[in-house]
Amino acid sequence: MTTLLVIAKEPLPGRVKTRLTPPFSPVEAAALAEAALGDTLRAVAAAPATRRLLVLDGRPGPWLPPGFDVVPQCAGGLDERLADAFAHCDGPALLIGMDTPQVTPELLTVDFAGYDACFGPAEDGGFWALGLAEPDPALLRGVPMSTPWTGAVQRRRLVTAGLRVRDLPTLRDVDTATDATAVAALAPHGHFAAHLSHCTQPDRTPR
């Protein structure tokens, strides 16, 4: 069995999903972030795991379901924070973010039988999931984050280390309003889709 890790920010206005403003207000963007995080945590809660760990920048709120341990994110760049998240694990671990509310428990069910790592690429060139049978923070440190080639560099780092890599399906992150609409259509019954339908702004083009 595997430790499931979620790395996330507390969904506060002005601190999360800033690329959603405009068209959404900071409050609406934070509500969408909270809904995305909630859907993600519910999927993690329903997937088989020996431990569920939220690696959080901020404080937990009522959106956190029971059954999760919470640890603070360390200081530094995203590569350092991801590396530190794996440092909290002493066995197989799978890490995801809060940007893919369409994730399902089935996608998170990994057993590392016949492979050493699993890698979930994102459509924007990053990655939405990274799993390691033997967590090694050094595999993440120094990987350039938030670039169109982040995923390619990270996957190459795994292969260069001699790991057998299983590729997971490619998913779309929620970064922009266009992403939000597309992802909500993939999971129309989730909280994210419901919140998006409530805060979608009317056309305000001057007439």
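**Salt bridges and the largest pocket**

Arg42 is partly exposed, its relative accessible area being 37%. In this predicted model, the side chain of Arg42 meets that of Asp39 in a salt bridge, with 3.0 Å from N to O. Both residues belong to helix H1, where a spacing of 3 residues puts them about one turn of the helix apart. Asp39, for its part, has a relative accessible area of 10%, and because buried means under 20%, Asp39 falls in that class. The pair thus joins a partly exposed arginine to a buried aspartate.

A handy reminder for what follows: side chains of opposite charge can pair when their charged atoms come close. The count for the model comes to 9 salt bridges, and two further examples are worth a visit.

One of them is formed by Arg141 and Glu80, whose side chains meet at 3.1 Å, N to O. Arg141 sits in the loop between strand S6 (127-132) and helix H3 (150-160), while Glu80 sits in helix H2 (residues 78-87), so this salt bridge ties together parts that are 61 residues apart in sequence. Arg141 has a relative accessible area of 37% and is partly exposed; Glu80, at 31%, is partly exposed too.

The other example involves Asp57 and Arg15, with 3.2 Å between N and O of the two side chains. Here too distant parts of the chain are linked: Asp57 comes from strand S2 (residues 51-57), Arg15 comes from the loop between strand S1 (3-9) and helix H1 (26-46), and 42 residues separate the two. Asp57 is partly exposed at 25% relative accessible area. Arg15, with 34% relative accessibility, also counts as partly exposed.

Attention now turns to empty space. Rolling a probe the size of a water molecule over the atoms shows where such space is left. The largest pocket found in the model has a volume of about 1000 Å³. Its lining is made up of 33 residues, and those lying nearest the centre are Leu78, Asp99, Ser146, Asp173 and Asp175. Several elements contribute to this lining: S1, H2, strand S4 (93-96) and S6 each supply at least two residues. Helix H2 thereby appears in both parts of this account, as it holds Glu80 of the salt bridge described above and supplies residues to the pocket lining.

What is the chemical make-up of the lining, in terms of nonpolar, polar and charged residues? The lining of the largest pocket divides into 14 nonpolar, 9 polar and 10 charged residues.

Definitions and conventions:
Residues are numbered from 1 along each chain as its sequence is written. This is a predicted model: local features need pLDDT of at least 70, side-chain atom pairs count only at pLDDT 80 or more; totals for chains, interfaces and linings use all residues. Side-chain values use heavy atoms; hydrogens and water are left out. A salt bridge is a side-chain nitrogen of Lys or Arg within 4 Å of a carboxyl oxygen of Asp or Glu. Helices (H or I, at least four residues) and strands (E, at least two) are DSSP runs, numbered from the N terminus. Buried means under 20% relative accessible area, exposed over 50%, partly exposed in between (1.4 Å probe, protein chains only). On a 1 Å grid over the protein atoms alone, a cavity is a set of points where a 1.4 Å probe fits but cannot get out, and a pocket is an open set with protein on both sides within 12 Å along at least five of seven lines; lining residues have an atom within 4 Å of a point. Grid points are joined across faces, edges and corners, and a volume is the space filled by probe spheres set on the points. Ala, Val, Leu, Ile, Met, Phe, Trp, Tyr, Cys and Pro count as nonpolar, Asp, Glu, Lys and Arg as charged, and the others, Gly among them, as polar.
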